[in-house]
Amino acid sequence: MKGKKKIEVLFKKYIENTISENELSQFHAFSQMEENQKQLEELMEAYFLSDLNTFPELHEKSGAVESLAWAGIQKSLGMHKSFRAKKSLLFTRFAAAAAVILLMLSLSLYFINMPWQGVNFRSKDYGNDIQPGTNRATLISSTGVVYKLSESKEEVVIDKNSIRYKDGTVVADQQSGQDVTLSTPRGGQYRVTLVDGTKVWLNAASSLSYPTNFTGKERRVRLVGEAYFEVAHNAKQPFIVTTDGQQVKVLGTSFNLNAYREEHKTVTTLVNGHVQLSTEGIGTPQQLFPGEQAVLQNAGFEVAKVDAALFGSWKDGQFRFKATPLVEALRQIERWYDLDVDYTGIPTDIQIHASISRDKKLSTVIHALEKISDLKFDVKGRSVKLMR
């Protein structure tokens, strides 16, 4: 496919929210080339000027953000002030169609550092900037002994006889058969290899309870919060993860499980393999296949096809949002930077497309949200709220 046609196809997929991670990378690469800038501007302008009947969802939301969007649209597309003065049907259609798209599209362009006119990615000058989370966790044995794990390490290995880091450094001798709990604070993450070879990435403000030796007919662990699992295959001893209200049964597979209590839902995203989900009140277990996501809410499962790689990207050091509600994205940021966010007044109907490294300082993230959405956040210490 020739370059110009390829950009058109990728642009359409991007706007329609059907673009894959690989295609998004291609789109990013194309946008970095100077010779493609004119075509990208033409595509944006053509899209904004299209008939609103084609995009009724934009028409419904446009009124609330029309005035907010206009200044950014005018600056981004290099239009003259005289054009704005002509309050014509063309302007009305243009501003209405562009308003919500500007908030969604420019935010994505901003975070993946596309060369968009008028957007300059730089940190705000906070007096006391907040650093991102690090490798922090504690390991608590069933006897009550607490081990504070090293921040200079990233993985702990549990076997029948010892607790050690991946490099072989011994943390402590361990009695076989004990139950232990690995816990991360807000602003912390850690990785553990269980005695059967299963690898688990534990996200911030999460805990995983498990035995130092799996005996019997199953391998059972309990999760609060979020974790990514790469389960070692053992057909004779299925691996079971329990959370509040849900049980995941697997033999050998990779999946992300989000069970934060404050989210009021459990989200299971399967990368590969096969899992079986069950919950009280539903007699037939829910089967899940690669590329599918099950959301448990109100005692029922809702299954949909998703880009599974997005939901495990946090373990690779990335925030990746695709049509993610702003409030939900803020909760992820809140846990990673150990913040106290006041959600009063924060719009619940804004969805964002964004990709940003989790090693950025808080000021970078806040500045980006402010510059693109035109929201203003007041940051004092670790408290964040929306300024009126």
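**Figure 1. The whole chain, a predicted model, sets the scene.** Helices here are DSSP runs of H or I with at least four residues, strands are runs of E with at least two, and both are numbered from the N terminus. By that count, the protein has 8 helices and 24 strands. Buried residues account for 50% of its 388 residues. Take the contacts between residues at least 6 apart in sequence: 55% of them join residues at least 24 apart.

**Figure 2. Here we look into the largest nonpolar core, with its 37 residues.** Tyr-210, Phe-229 and Phe-255 are the members that touch the most other members. Strand β11 (residues 219-230) supplies the largest share of this core, 4 residues. Apart from this core lies another one, of 27 residues, which includes Ala-204, Tyr-337, Leu-362 and Val-384.

**Figure 3. Phe-255 and its contacts get a view of their own.** Setting aside neighbours within four places in sequence, Phe-255 is in contact with a run of residues from Ala-227 to Phe-229, that is Ala-227, Tyr-228 and Phe-229. Val-231, Val-241, Val-248 and Val-250 are also in contact with Phe-255. The rest of its partners are Thr-268, Thr-269, Leu-270, Val-271 and Val-275.

**Figure 4. Two threonines, Thr-243 and Thr-266, touch each other.** Thr-243 lies in strand β12 (residues 239-243), while Thr-266 is found in strand β15. Are they buried or exposed? Thr-243 has a relative accessibility of 5%, so it counts as buried. Thr-266 is buried too, with a relative accessible area of 7%. Beyond four places in sequence, Thr-243 touches Arg-222, Leu-223, Leu-257 and Ala-259 besides Thr-266. With the same kind of neighbours left out, Thr-266 is in contact with Thr-243, Asp-244 and Gln-246. Its other partners are Leu-257, Asn-258 and Ala-259, plus Ala-294, Val-295 and Leu-296.

**Figure 5. This close-up shows the largest pocket, with a volume of about 680 Å³.** It is lined by 32 residues, and the closest to its centre are Gln-293, Phe-311, Thr-324, Glu-328 and Gln-332. Which elements give two or more residues to the lining? They are β14 (254-259), β15 (266-272), β18 (292-297), β20 (318-325) and α7 (326-337). Strand β20 gives the most, with 8 residues. Sorted by class, the lining is a mix of 13 nonpolar, 10 polar and 9 charged residues.

**Figure 6. His-264 and Asp-338 both have a positive phi.** Why look twice at that? Most residues other than glycine have a negative phi. His-264 has a phi near 60°, and it lies in the loop between β14 and β15. With 65% relative accessibility, His-264 counts as exposed, because the cut-off for exposed is over 50%. For Asp-338, phi is about 55°. Asp-338 has its place in the loop between α7 and β21 (340-342). Its relative accessible area is 29%, so Asp-338 is partly exposed.

**Figure 7. Asp-167 sits in a loop and makes a side-chain polar contact.** The loop in question runs between β5 (162-165) and β6 (170-173). Asp-167 has 49% relative accessibility and counts as partly exposed, because exposed would take over 50%. A polar contact of 3.0 Å links its side chain to that of Thr-169. How far apart in space are Asp-167 and Lys-153? From C-alpha to C-alpha they are 8.7 Å apart, with their positions 14 residues apart in sequence.

**Figure 8. Gln-178 meets Ser-142, a residue 36 places away along the chain.** Gln-178 lies in the loop between β6 and β7 (179-183). Loop or not, Gln-178 counts as buried, with 10% relative accessibility. The C-alpha atoms of Gln-178 and Ser-142 are separated by 6.2 Å. Their side chains make a polar contact of 3.4 Å. Not counting residues up to four places away in sequence, Gln-178 touches Ser-141, Ser-142 and Thr-143, along with Tyr-210, Pro-211 and Thr-212. Tyr-210 turns up in Figure 2 as well, as one of the core members that touch the most others.

Technical notes. Residues are numbered from 1 along each chain as its sequence is written. This is a predicted model: local features need pLDDT of at least 70, side-chain atom pairs count only at pLDDT 80 or more; totals for chains, interfaces and linings use all residues. Side-chain values use heavy atoms; hydrogens and water are left out. Buried means under 20% relative accessible area, exposed over 50%, partly exposed in between (1.4 Å probe, protein chains only). Contact means heavy atoms within 4.5 Å. A nonpolar core is a set of buried Ala, Val, Leu, Ile, Met, Phe, Trp, Tyr and Cys residues joined through side-chain atoms within 4.5 Å. On a 1 Å grid over the protein atoms alone, a cavity is a set of points where a 1.4 Å probe fits but cannot get out, and a pocket is an open set with protein on both sides within 12 Å along at least five of seven lines; lining residues have an atom within 4 Å of a point. Grid points are joined across faces, edges and corners, and a volume is the space filled by probe spheres set on the points. Ala, Val, Leu, Ile, Met, Phe, Trp, Tyr, Cys and Pro count as nonpolar, Asp, Glu, Lys and Arg as charged, and the others, Gly among them, as polar. A polar contact is a pair of N or O atoms within 3.5 Å; within protein, one must be able to donate a hydrogen and the other to accept it, and residues adjacent in sequence count only if both atoms are side-chain atoms.
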